[in-house]
Amino acid sequence: MQDNPAAEVESVARARPGRRWRRLLVVLAIVLVLLAVPWWTLLSAGTEWPVAVIVVGTVAFAAAFVGLPTMMTLGHGRRHLDWAAATGDALLGVMWVLFVWSVLGQLLRLALFVLGMPDPERSRVVAGAVVAVVVALLTWGYAEAMRVPRLRRVDVDIDRLGSGLDGLRVAVITDTHYGPIDRTRWSALMVDRVNELDADVVCHVGDIADGTVDVRLPQARPLAAVHARLARVYVTGNHEYFSEAQGWLDYMGGIGWDALHNRHLVVERNGDKLVVAGVDDATAQASGVAGHGANLEAALADSDPMLPVLLLAHQPKQVAKAAAAGVDLQISGHTHGGQIWPFNFLVRFEQPVVQGLSRHGDRTQLYTSRGTGFWGPPFRIFAPSEITLITLRASGLP
């Protein structure tokens, strides 16, 4: 399966007829499971609601079953209708949260059974509790997704860092995912917050947008106003390869950012130097876009092997090659910290880290951001967004 459901629906539309039907059946089976558990919990499991309530509720669930694939196809397929994408994304988020808490609601059912509460009271309490929790979490999660991200400060000790670079400030944004919901004002406020940091280096670690430059330009335009003392650097994420990767590289270069398309630059302060390198996303080669594909060897070509290396790579799993190459610090995004709990546990099946600072091998450290924006469902539940300020420290200094 693709790394997001919207891409899966879009791939169904592009597949050959036989494969298309098989993949469509898989998608519908997943949607059916996501809806069947809440339907049973809220309407069927001993609740004994009046017939009218059951009929109306069942019609609503049936509409969601038909509506989600329809909206995803219209929104993320060839037609790219933003209103349909926004509707489908929101519906997907609601369904996931409702499914999760319907499953967890069975623990409450068991507890009430042990306490001796009979049906239908027991099942109605469970149904009411599930609805109340879901409504509260979705309301809070929407506010969290739409807010300007909080600042997260992290100090990273690097053995090879020269004393002249001690205290170098690296601001990190990633996974802005400008998309069907217009977040132009959010983008400008986010840039203002980044600029308040007065960082030496500012990084965008991929997944700028879902869509082409022409379509998402109003939301991306504030990125031109980001300032940094030494460098502004950008690498592609996987979502650029769903639309227009080279277009985004050209755009970022055109507004004054250094697009690190398998290459590096060197920043210097107080006589000491740092290699800042970037590689394409791990999906770039399979995307079929000519000239794209993560190539760490090319990114570090002709760099001084004695200098410390800061690497931008969108996906945390790219750290394996970074560690083999002796990179000092890799900065990644992609995971969103799970975005909607408990999706973080599923992320761990594909990525070595979900969020935060981790060590890989003797030298290499990895910082994984929870992301600055959100993908798809406009909710963040127990996975807040962040703008990260990484302060590099030279190990061994007093």
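In the predicted model, helix α3 meets helix α4 through a broad list of side chains and backbone positions named here by residue. On the α3 side, the contact comprises Phe61, Ala64, Gly67, Leu68, Met71, Met72, Leu74, Gly75 and His76. On the α4 side, it comprises Trp83, Ala84, Ala85, Thr87, Gly88, Asp89, Leu91, Leu92, Met95 and Leu98. By class, 13 of these residues are nonpolar, five are polar and one is charged. Helix α3 spans residues 51–76, and helix α4 spans residues 82–114. Their axes come within 8 Å and cross at roughly 135°. Angles from 115 to 145 degrees count as oblique, and α3 and α4 are therefore oblique to each other. The crossing of α3 past α4 is left-handed.Helix α8 covers residues 245–254. Its buried residues are Ala245, Gly247, Trp248, Leu249, Tyr251 and Met252. These buried residues pack against α7 (213–220), β4 (231–234) and β5 (258–259). Glycine 256 follows α8 and has a positive phi, near 100°.

Strands β4 and β5 also belong to an open sheet of six strands. The strand order is β1-β12-β2-β3-β4-β5, and the pairing is mixed. β1 (150–158) and β5 stand at the edges. Each has a single partner strand, so one side of each is left without a neighbour in the sheet. Within the sheet, β2 (residues 168–173) and β3 (residues 201–204) run parallel and are joined by four bridges. Alanine 171 has valine 202 of β3 as its bridge partner.

Notes. Residues numbered from 1 in each chain as written. Predicted model: local features only at pLDDT ≥ 70, side-chain atom pairs only at ≥ 80, totals over all residues. Heavy atoms only, no water. Axes fitted to C-alpha atoms, helices over the stretch in contact; angles between N-to-C directions. Helix = DSSP H or I, 4+ residues; strand = E, 2+ residues; numbered from the N terminus. Parallel < 35°, antiparallel > 145°, perpendicular 65-115°, else oblique. Left-handed = near helix turned anticlockwise from the far one by under 90°. Contact = heavy atoms within 4.5 Å. Nonpolar A, V, L, I, M, F, W, Y, C, P; charged D, E, K, R; others polar. Buried < 20%, exposed > 50% of the residue type's maximum accessible area, 1.4 Å probe, protein only. Pairing = 2+ DSSP bridges.
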